[in-house]
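Colleague: I am new to this structure and should like to learn how its features are read. May we take them one at a time?

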Amino acid sequence: MNPQRRIFINTTAQYVKAFINICLSLYTVRLILNILGQSDYGIYSLIASVVSMLGFITNAMVVTTQRYLSFYAGKGTKEDVRVIFSNSLILHVCIGLCLTLVLLSLKNFLCYGFFNISEARKPTAEIVYIMSTMMLFITFLAAPFKAMLIAHENIVYISIIEILDGVLKLTLALSLLTLGHDKLLLYACVMTIIFLFEFFAFSIYSVINFPECQILSTFHDFDKNKIKELFGFAGWTTYGMCSIVGRTQGLAVLFNKFFGTVINAAYGLALQVNGSVTFIATSLINAMNPQLMQAEGSNDRKKMVHLAEQESKFSSAIIFVILIPLAVEMDCVLNLWLVNVPPFTSFFCRSLILAFIFDQLTYGLNSANQALGNIKYYTLIMYTPKLLIIPLALIMLWAGIQVAWVMFLYIVVEFSVAMTRLFYMKKVIGLSIKQFSKNVFLRLLPLCSASFIVPLIIRFSFNGEYRFIFNLAISFLLGLLVMWHITLTKGERNVVLDTLYKLKERIGK
């Protein structure tokens, strides 16, 4: 299949999945919030946040495994691909077990001493903590198989499984309406089973369909040098993701200590929205990254840089079309979604969306640097400022400064890091900032303007209970028109039209 056509089909599959899962997730979260109540939902969000502070290592290992699988696939060395997978699986199991033991050893300290949780709910919180730790370990085991699927660009299968995952979570939420005395406890237990379903779906399919996934030869393929190479790359990738997750979830802990579990509910809901936002961008990145890595593996630097520019432009364009109008109408959307909206939820949602928009403007350069494989200095320069938000936020909150200024600091750091990527990649690979700005920023500017100004005018020009639905629909359609005629080049439009024509032919047969 034509590489551009494969990217389009995989991206379409990811966005169909994203749309379905976002709709399912929004309704599921609304049900869970109403069933559990703000306090219990805050407890679950807090514990899940703390456990996921170590889940960044899982994501780091997925990125590492997928990078090396795609890189060696570009070189055409099938045996190396198998060895990389086997050694990656060994690393996942060992690191997963270590982290699980560390988390379980901290259980009593966190649940009975550190967390700001009522005495009556502490025993339940302890069990929820154990279940959350098991979810983390299961995610670790599934990671190398998911990385293999991404490396083979089998995004359609991943999309199907993750849609089923969303359906199962909604089914769980509906079941809680009639089942269980302690609904928080039941929710955590069944969520663990859903994680197991995803693990078996990825692992069984990979073993059956990819010769490189030979579980029985895993220890036979053990290679100390490959382990060292993977561990080194994963170590710096882990540091980067540690900075992101430590910043995001560390703020959850700070807000809990200073303001209690109600504001955790608001921040947790904003993270749910931001998670859906992130999912929109990563869907496209997952579709494009394998070819970007393969291009570098085959020594085609020009193609690699071009794909990095396209990643930045396409992911930002989709985000502009969907999220800027959503941010404008955030209050109305939250009122319809949640009915009883915790204080600060709208503010947190808008702040995280704005920070994410800034980050995506140059995020394709992050993928380009991963393809190069030299990530030590890049990681230190780009991710350390994100982690430093936590001690600065602690000082600000101790000094009595309002939450709004903490989130303002969050946004400023994201913008600064996004712009720093340009100058770093100019030094490393001679990136032309002028050309990047022309190909990405200038083509995005009209779309950004239209996506902000039009919904703002509609919001202040019309009244009505469901005005925001009309506003979002008009803004979305206008955004698509601007993106098609201005943001995309003629060549990119031709690829889309050609792919749609081919798909129509296949369906016709």
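**Reading helices, contacts and a pocket**

Modeller: Let us begin with one residue: Leu394 lies in helix H15 (residues 389-398). Helices here are DSSP runs (H or I, at least four residues), numbered from the N terminus. This is a predicted model, in which local features need pLDDT of at least 70 and side-chain atom pairs count only at pLDDT 80 or more, while totals for chains, interfaces and linings use all residues. Residues are numbered from 1 along each chain as its sequence is written, and side-chain values use heavy atoms, without hydrogens and water.

Colleague: Is Leu394 buried, partly exposed or exposed?

Modeller: Buried means under 20% relative accessible area, exposed means over 50%, and partly exposed lies in between (1.4 Å probe, protein chains only). Leu394 has a relative accessibility of 25% and so counts as partly exposed. Its C-alpha atom is 9.5 Å from that of Phe255, although 139 residues separate the two along the chain.

Colleague: How is the length of a helix judged, for example that of H6?

Modeller: The expected span is 1.5 Å times one less than the number of residues. H6 has 21 residues, and the distance from its first C-alpha to its last is 30 Å, close to the expected 30 Å. For the 27 residues of helix H16 (residues 403-429) the expected span is 39 Å, and the end C-alpha atoms, 40 Å apart, agree with that. Just after H16 comes Gly430, with a positive phi of about 75 degrees.

Colleague: Which residues of H6 are buried?

Modeller: Among them are Ile155, Tyr157, Ile158, Ile161 and Ile163, together with Glu162 and Asp165. Glu162 returns in our next topic.

Colleague: What is a salt bridge, and how many does a search of the whole structure find?

Modeller: A salt bridge is a side-chain nitrogen of Lys or Arg within 4 Å of a carboxyl oxygen of Asp or Glu. The search finds eight. One of the pairs is Glu162 with Lys146, whose closest N and O atoms are 2.8 Å apart. Glu162 belongs to helix H6 (residues 155-175) and Lys146 to helix H5, so that distant parts of the chain, 16 residues apart, are linked. Glu162 is buried, at a relative accessible area of 9%, whereas Lys146, at 23%, is partly exposed.

Colleague: Which residue forms a salt bridge with Arg467?

Modeller: The partner is Glu329, and the closest N and O atoms are 2.7 Å apart. Because Arg467 lies in helix H18 (residues 467-487) and Glu329 in the loop between H10 and helix H11 (330-338), the pair ties together parts that are 138 residues apart in sequence. Arg467 and Glu329 are both buried.

A further salt bridge joins Asp331 and Arg350 (3.4 Å, N to O). It connects helix H11, which holds Asp331, with helix H12, which holds Arg350, 19 residues apart. Asp331 is partly exposed at 33%, as is Arg350 at 28%. In addition, Arg247, Asp359, Lys386, Glu414 and Arg421 are linked in a network of salt bridges.

Colleague: How should I read a pair of aromatic rings?

Modeller: Such a pair is described by the distance of the centres and the angle of the planes. Rings of Phe, Tyr and Trp (its six-membered ring) pair if their centres lie within 6.5 Å; planes under 30 degrees apart count as stacked, over 60 as edge-to-face and the rest as tilted. The whole structure yields 17 aromatic pairs. In one of them, Phe145 and Phe199, the ring centres are 6.3 Å apart and the planes stand at 70 degrees, so the pair is edge-to-face. Phe145 is in helix H5 (residues 122-151) and Phe199 in helix H7 (residues 183-209), 54 residues apart. Both Phe145 and Phe199 are buried.

Phe436 and Phe441 are likewise edge-to-face, because their centres are 5.6 Å apart and their planes at 80 degrees. Phe436 is buried, with a relative accessible area of 0%.

Colleague: Which residues form one aromatic cluster?

Modeller: They are Phe255, Tyr267, Phe344, Phe347 and Phe348.

Colleague: Lastly, what volume does the second largest pocket have?

Modeller: Rolling a probe the size of a water molecule over the atoms shows where empty space is left. On a 1 Å grid over the protein atoms alone, using a 1.4 Å probe, a pocket is an open set of points with protein on both sides within 12 Å along at least five of seven lines, and lining residues have an atom within 4 Å of a point. The volume, the space filled by probe spheres set on the points, is about 410 Å³ for the second largest pocket. Of its 21 lining residues, the closest to the centre are Ile324, Leu354, Ile357, Cys448 and Phe452. Helix H10 (301-328), helix H12 (345-360) and helix H17 (433-461) each give two or more residues to the lining, and H17 gives the most, with eight.
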